[in-house]
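Me: Hi! Could you walk me through the charged side-chain pairs here, one at a time?

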Amino acid sequence: MPSSLQLHRISNIDPATAAAAVNCHKRSQAPLTCFTPVPDTLASYHAHAVGPNQCASVVVQTTAAPLPTVWSVVRRFDKPQAYKHFLKSCHVIFGDGDIGTLREVHVVSGLPAASSTERLEILDDERHVLSFSVVGGDHRLSNYRSVTTLHPSPAGTGTVVVESYVVDIPAGNTKEDTRDFVDTIVKCNLQSLAHISENLTNNNRNNSS
């Protein structure tokens, strides 16, 4: 598990923000594992080409919320801050939600970034796949590409969220530092997604009763 020292090494991150990220990482209930089964129809989306100065990883989160509810949050390319709490705002600067749409997100203070320009690469409402790539902005994670897929949990009563990424290793950092830092942010995001989706599910049940 990354320590606040490791987070500082990669990013000179603000101590309060580092502590929040590490605490979120500690609370995560979904372990990172390469043995988590993913349907064949989705597995290929997580097969990234990784260059010599890049690293890649995959994070898995389960939630009791049904897949349609989780997908309704994930698919909003124009509103990632709904569950990504390290983002404070998002503005679509090109497109209308189709492939090629560009968004500019602004990051909360304390992180080693100010903004990121991101391009929608995949939005598949049938297979529940969303992918974006970072194409600009003020940050240290160059050539970042993320793929998020959803599929029903084995018990059929919840959802499994799988997010994988590939990114350049910043100068002066190791592959392990980079992977630990990005994994922590992704795990925090997916834990937040699970919590928000479960709250939406409970609210919908209460409103229909």
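Me: Is arginine 103 buried or exposed in this model?
Reply: Happy to start there, keeping in mind that this is a predicted model. The relative accessibility of arginine 103 comes to 3%. The cut-off for burial is under 20%, so arginine 103 counts as buried.

Me: Which residue does arginine 103 meet in a salt bridge?
Reply: Side chains of opposite charge can pair when their charged atoms come close. For arginine 103 the N to O distance in the pair is 2.7 Å, and the partner is glutamate 118.

Me: How many residues apart are glutamate 118 and arginine 103?
Reply: This pair links distant parts of the chain. Arginine 103 sits in strand β3 (residues 102-107), while glutamate 118 belongs to strand β4 (residues 115-124). Their separation along the chain is 15 residues.

Me: And is glutamate 118 buried or exposed?
Reply: Its relative accessibility is 8%. With under 20% as the limit, glutamate 118 therefore counts as buried.

Me: What class of accessibility does arginine 76 fall into?
Reply: Arginine 76 forms a salt bridge with aspartate 78, at 2.8 Å from N to O. Aspartate 78 has 33% relative accessibility and counts as partly exposed. Arginine 76, at 36%, is likewise partly exposed.

Me: Which residue pairs with glutamate 121 in a salt bridge?
Reply: The N to O distance in this pair is 2.6 Å. The partner has 29% relative accessibility, so it counts as partly exposed. That partner is arginine 119.

Me: How many salt bridges does a search of the whole structure find?
Reply: We have met several, including the pair of glutamate 118 and arginine 103. Across the whole structure, the search finds 4.

Terms used. Residues are numbered from 1 along each chain as its sequence is written. This is a predicted model: local features need pLDDT of at least 70, side-chain atom pairs count only at pLDDT 80 or more; totals for chains, interfaces and linings use all residues. Side-chain values use heavy atoms; hydrogens and water are left out. A salt bridge is a side-chain nitrogen of Lys or Arg within 4 Å of a carboxyl oxygen of Asp or Glu. Buried means under 20% relative accessible area, exposed over 50%, partly exposed in between (1.4 Å probe, protein chains only). Helices (H or I, at least four residues) and strands (E, at least two) are DSSP runs, numbered from the N terminus.
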